[in-house]
Amino acid sequence: MKKATMILDRDFSIGRIDPRIYGSFIEHLGRAVYGGIYEPTHPTADKNGFRRDVMEMVKKLDVPVVRYPGGNFVSGFNWEDSVGPRSERPRRLDLAWFTTETNEVGLHEFADWCKEANTELMYAVNLGSRGPDAARNIVEYANHKGGTYWSDLRIKNGAKDPFGIKLWCLGNEMDGPWQMCHKTAKEYGSVAREAGKMMKWVDPSIELVACGSSAYDMPTFGTWEYEMLTECYDEIDYVSLHRYYGNRTNNTPDFLARNMDLDGFIKTVVSICDAVGGTKHSKKKINLSFDEWNVWYHSNEQDEELKKKDRWSVALPLLEDIYNFEDALLVGAMLITFLRNSDRVKVACMAQLVNVIAPIMTRNGGGVWAQTIYWPLMHASKYGRGTALRPVVKSPTYDCSDYEQVPFVDATAVQGDNGEVTIFAVNRSLDEDIMLESDLRGFGDLEIVEHIVLHHDDVKAINTETNPDNVAPAKGNGGTVDGGMLNVPLGKLSWNVIRLAKK
Ligand code: AHR
């Protein structure tokens with residue numbers, strides 16, 4: 001059997017992992033809200049109309065933060081439409097997705113849902129069709145105690161206590177021509193600066209995310225970050241990154257190497273942030289909010305048809321990618337990349353949470369099930385808390401059309417607060433098991449508590465409502481720790497979680 005080695009030392013760490021890297025995203029898009037988290041006629045609906053079966057699946061993911069309400073949607077959204085008596089809320093055309101938004105679920109309802117889901121709300125303001133004035137007003141509405149027009153309106157609308165929203169996105173993908181009121185980097189940077197300044201004057205405790213490029217391959221990537229940051233560096237805390245991958249050429253080895261692109265993207269944005277900081281002689285570091293990431297391509301063609309056929313309908317089933325096993329492997333590899341860059345990546349939101357390019361799927365009036373990608377996210381969120389270690393991994397490699405020397409084994413490790421160590425590893429080899437060997441003597445006397453494996457013989461295998469466990473985690477075939485030396489066989493094409501604890 002081929003062998004990969006991982007050098008680990010408990011003093012060799014990247015730093016404390018911000019749990020918000022296991023965040024998610026819900027946009028007023030497709031069936032994410034209506035028919036996803038919310039379906040008042042569903043047998044499991046609670047008194048607020050939220051599906052309890054979906055809530056249970058969300059809770060198992062232990063999502064620390066959820067970005068809301070968009071996405072592209074937010075660039076034409078009037079936040080005021082979404083508060084106050086439901087019967088008076090306007091129905092509006094959503095020009096992002098060519099559907100109708102009923103505003104039946106709005107800020108108060110979603111804040112209640114977040115409370116129940118034990119998650120923090122990350123709110124995006126509209127810097128497309130609206131601007132700094134609407135942005136500072138919603139901070140006052142959501143976070144100010146009372147005694148002013150907007151805060152008293154919140155109280156009148158039923159929320160005596162402020163929502164206390166800490167993390168705010170200054171618009172969404174403003175570099176993209178598809179965005180309502182798309183801007184140049186300089187225009188956006190200046191609007192973000194003024195909006196951010198006013199928002200922080202209302203509540204100095206908030207944190208702000210400015211829009212980076214909507215993708216690494218945008219023609220303006222790089223200059224957008226540099227010029228935008230030059231305008232608003234002092235006012236903001238994070239730059240956003242968005243990235244989606246697809247296996248469009250049906251080439252699994254290529255597809256599974258895509259997190260190398262992700263790593264390059266992150267490192268380049270970090271360099272640009274630091275370069276701008278350098279020109280400003282600033283002591284401040286701008287960190288990254290990777291607030292949209294996933295695999296997204298399965299539903300693209302179908303969506304074009306749907307948008308033509310059912311324009312302006314409510315909760316059109318858009319972006320309903322059905323994920324297969326190879327998608328789950330790439331998602332695992334992407335999570336490993338976030339952990340390895342967790343000194344600068346402080347927030348990451350899988351896009352999205354329910355039905356829309358999502359780990360959780362529902363049928364209206366019917367069941368809920370976990371897509372393949374649910375599992376690596378759940379494992380990382382559950383066991384990837386504490387300190388990210390900085391391993392040196394040596395693995396046999398392969399060449400594919402996009403990359404040379406792709407390691408078959410991609411792996412990283414996390415040390416928990418009680419001395420436990422968890423290794424996350426993907427074996428990208430299509431046909432060979434690989435032995436992972438690691439010297440753990442520096443951690444004291446560790447033993448394997450559990451080896452969890454996600455594998456399927458068919459890379460295109462999916463989960464469905466009637467076959468929800470087709471791709472599901474299983475017990476690995478063991479491994480040993482002998483005299484502090486770990487040896488674990490990583491099956492071909494597998495996602496592995498190796499949990500170790502003190503004897
Ligand atoms: O997550 C789906 C869409 O992808 C979001 O609305 C947008 O920000 C991105 O292009």
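# Exercises on a predicted model

At 24% relative accessibility, E80 counts as partly exposed, and this value, like every other one below, belongs to a model that is predicted.

## Exercise 1: E80 and S190

Find where E80 and S190 lie, decide how accessible S190 is, and state how far each one is from a distant partner in the chain.

Solution. Begin with E80, which lies in the loop between β4 and β5. Its class follows from the cut-offs, because buried means under 20% relative accessible area and exposed means over 50%, with partly exposed in between; the 24% of E80 therefore makes it partly exposed. Next, take the C-alpha atoms of E80 and K3, which are separated by 59 Å although the two residues are 77 residues apart along the chain.

Now turn to S190, which is found in helix α5, a helix made of residues 185–202. S190 has a relative accessibility of 24%, so it counts as partly exposed. As a last step, the C-alpha atoms of S190 and P407 are separated by 43 Å, and these two residues are 217 residues apart along the chain.

## Exercise 2: The loop between β4 and β5

Which peptide bonds at P69 and G71 are cis, and what are their omega angles?

Solution. First locate the residues: P69 is placed in the loop between β4 (65–68) and β5 (92–94), and G71 lies in the loop between β4 and β5 as well. Then read the bond that leads from Y68 to P69, which is cis with omega near 0°. Finally, look at the bond that joins G70 and G71, which is a cis peptide bond with an omega of about 15°.

## Exercise 3: Helix α8 and its buried residues

Compare the length of helix α8 with the expected span, and then examine D261 as one of its buried residues.

Solution. Helix α8 covers residues 259–279 and has 21 residues. From its first C-alpha to its last it reaches 30 Å, which is close to the 30 Å expected at 1.5 Å a residue. The buried residues of α8 include D261, L262, F265, I266, V269, I272, C273 and V276. When reading such a list, keep in mind that an α-helix has 3.6 residues a turn, so residues three or four places apart point the same way.

The place of D261 is in helix α8, and D261 counts as buried because its relative accessibility is 14%. To complete the picture, follow the side chain of D261, which makes a polar contact of 3.0 Å with the side chain of R243.

## Exercise 4: Positive phi angles

For H281 and L319, give the phi angle and the loop, and decide whether each residue is buried or exposed.

Solution. H281 comes just after α8 and is found in the loop between α8 and β11 (287–295). Its phi is positive, at about 50°, although H281 is not a glycine. With a relative accessibility of 74%, H281 counts as exposed.

L319 is found in the loop between α9 (300–309) and α10 (325–340). Its phi is near 55°, again a positive value in a residue other than glycine. L319 is buried, because its relative accessible area is 4%.

## Exercise 5: E301 in helix α9

Where does E301 lie, is it buried or exposed, and how many Å separate it from A411?

Solution. E301 is found in helix α9. Its relative accessible area is 68%, so E301 is exposed. Measuring from C-alpha to C-alpha in the model, E301 and A411 are 34 Å apart in space, while in sequence they are 110 residues apart.

## Exercise 6: The ligand and its surroundings

Identify where the ligand sits, which residues come nearest to it, and how much of its area the protein covers.

Solution. The ligand sits in the largest pocket. There are 13 residues around the ligand, and of these E27, N72, E173, Y244 and E292 come nearest. Now go through individual distances. A polar side-chain atom of E173 is 2.8 Å from an oxygen atom of the ligand. For Y244, an N or O atom in the side chain lies 2.8 Å from an oxygen atom of the ligand. In E292, a polar side-chain atom lies 2.6 Å from a ligand oxygen atom. To finish, consider the accessible area that the ligand has on its own, which is 280 Å², and of which the protein covers 95%.

Note on methods
Residues are numbered from 1 along each chain as its sequence is written. This is a predicted model: local features need pLDDT of at least 70, side-chain atom pairs count only at pLDDT 80 or more; totals for chains, interfaces and linings use all residues. Side-chain values use heavy atoms; hydrogens and water are left out. Helices (H or I, at least four residues) and strands (E, at least two) are DSSP runs, numbered from the N terminus. The expected span of a helix is 1.5 Å times one less than its number of residues. Buried means under 20% relative accessible area, exposed over 50%, partly exposed in between (1.4 Å probe, protein chains only). A residue is near a molecule or strand if one of its heavy atoms lies within 4 Å of it. A polar contact is a pair of N or O atoms within 3.5 Å; within protein, one must be able to donate a hydrogen and the other to accept it, and residues adjacent in sequence count only if both atoms are side-chain atoms. Accessible areas come from the Shrake-Rupley method with a 1.4 Å probe; for residues, only the protein chains shown count as cover. On a 1 Å grid over the protein atoms alone, a cavity is a set of points where a 1.4 Å probe fits but cannot get out, and a pocket is an open set with protein on both sides within 12 Å along at least five of seven lines; lining residues have an atom within 4 Å of a point. A molecule sits in a cavity or pocket if more than half of its atoms lie within 2 Å of its grid points.
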